[in-house]
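Colleague: Before I rely on the labels attached to this model, I would like to go through them with you and hear what stands behind each one.

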Amino acid sequence: FFCRTSKHTVHRAMRTIAGTLAGALGIDTLLNEWPMLMTHDAASGYLLSELDPVYLWTVTQPRDPKALSKQLQCGARAFDLRPQVDGSGKLVFHHGSVKIEQDADKALQEIVAFANTNPAEEDLIIVHSSACSGTNCTGLMSEALARAGIPAEEDCGVVSKLTVSEAAAKGKLAGGGHVLTVTDCVDENYDSKLACWGTDGTVDLSAASLAATCAAAGVLLSEPPTLQELVACGEALREPTQLASAVAGSYYSCWTNSSTKEFPIQRLLDSLKGVSAKGPQNGRLWQLQSIWQETPESVVLGVAHFSSLLKDEEHSSINAMMKGLIDEGKTFEKINFFEVNNICDGGPELLASLRAHAARRASQSVLV
């Protein structure tokens, strides 16, 4: 349902890409100027249950027992991975407060297997390990990477000077592929305001007012509220009279069928344009977060409308929109990690557009 790109489309797009890359992309480009399709909270795709309402606001990528393999097939070449050490000392992953019980060793092997069957330098895969949580998390992640044979570069000064070709050489695997892990060398450019759902200012659903609204619906919020509490509040507000009395006519939505979509979409585009215009800061790698953020307000309103993080991407058509803007060549002057949700909704096409962008910039630099 959430992965609408067919296998034939995937393979066709990949063949087209492979046939035009050699010598055209400029792999001597600095890594911090190289467009790569990145998956936001990549490990959340291992949360397979579609019945858990909390997971609907945790899962950012297509569900699959081999989630990272699936994302790579759909065009991912960079991962936002967030390791966690569970109560038994096992290295797994997390998205915020939600634990993702996927063995890290097995997940990393998926990356290695794909890289070794796609060994071209332009198919370099970057693993951005961040928000490592739990006892000795950093050490255990380093050990897991070593077992998988995945090199890491922790010196951000070194990373800032790497070209794509040099990064690929550093990340050379025994089986021929290229994977490099970096830690704390990426500017995420996170902006919490960029949510799909929110109020237009005529009704205040933040902080105390949100707590009062939820309390009136029978749900008490902690400070700060937990995701479970926000989901419960949104479910309570699904009653037409409850939602109408709380926010009737005063909220916006990013969905394409909403008369209010222009505000959240334009706000997101303005933010991305600003980040793109600045480009890399002090040589660091950097993200363009082409995703809808979660706020307490957006979760409550989204749940009340039977939405989810995957549905918000699909029903706003944000991935398709971004492909068009990248192809146009005017909105995004510079691109590094282009981070998305729901990657299999147009991911291969986005990857092709990003590589065409790289080829255009390489040809322009040659002309200059």
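Modeller: What follows takes a few of those labels in turn, with the reminder that this is a predicted model.

Colleague: Why is histidine 95 called buried?

Modeller: Buried means under 20% relative accessible area, and histidine 95 has a relative accessible area of 11%, so the word applies. This residue lies in strand 4, and, leaving aside its neighbours within four places in sequence, it is in contact with Asp41, Ser44, Thr58, Thr60, Ile100, Glu294 and Leu309.

Colleague: What makes the approach of the histidine 95 side chain to threonine 58 a polar contact?

Modeller: The side chain of histidine 95 reaches the backbone oxygen of threonine 58 at 2.7 Å, and since the cut-off for a pair of N or O atoms is within 3.5 Å, the distance satisfies it.

Colleague: How do you know that the buried residues of helix 4 are on the same side?

Modeller: The buried residues of helix 4 are Cys137, Leu140, Met141, Ala144, Leu145 and Ala148. They cover an arc of only 140° around the axis, which puts them on the same side of helix 4. The general background is that an α-helix has 3.6 residues a turn, so residues three or four places apart point the same way. On the other side of helix 4, Thr138, Ala146 and Arg147 are exposed, while the buried residues pack against strand 3, strand 4, helix 3, strand 6 and strand 8.

Colleague: How does the reach of helix 4 compare with the expected span?

Modeller: Helix 4, residues 137-148, has twelve residues and reaches 16 Å from its first C-alpha to its last, which is close to the 16 Å expected at 1.5 Å a residue. Glycine 149, which follows helix 4, has a positive phi, near 75°.

Colleague: What makes strand 7 and strand 9 edges of the sheet?

Modeller: Eight strands form an open sheet in the order 7-8-6-2-1-13-12-9, with parallel pairing. Strand 7 and strand 9 each have a single partner strand, so one side of each is left without a neighbour in the sheet.

Colleague: Why do strand 9 and strand 12 count as a pair?

Modeller: Pairing requires at least two bridges, and two bridges join strand 9 to strand 12, so the requirement is met. Within this parallel arrangement, valine 186 stands opposite leucine 285 in strand 12.

Conventions. Residues are numbered from 1 along each chain as its sequence is written. This is a predicted model: local features need pLDDT of at least 70, side-chain atom pairs count only at pLDDT 80 or more; totals for chains, interfaces and linings use all residues. Side-chain values use heavy atoms; hydrogens and water are left out. Helices (H or I, at least four residues) and strands (E, at least two) are DSSP runs, numbered from the N terminus. The expected span of a helix is 1.5 Å times one less than its number of residues. Buried means under 20% relative accessible area, exposed over 50%, partly exposed in between (1.4 Å probe, protein chains only). The arc is that of the directions from the helix axis to the C-beta atoms. Contact means heavy atoms within 4.5 Å. A polar contact is a pair of N or O atoms within 3.5 Å; within protein, one must be able to donate a hydrogen and the other to accept it, and residues adjacent in sequence count only if both atoms are side-chain atoms.
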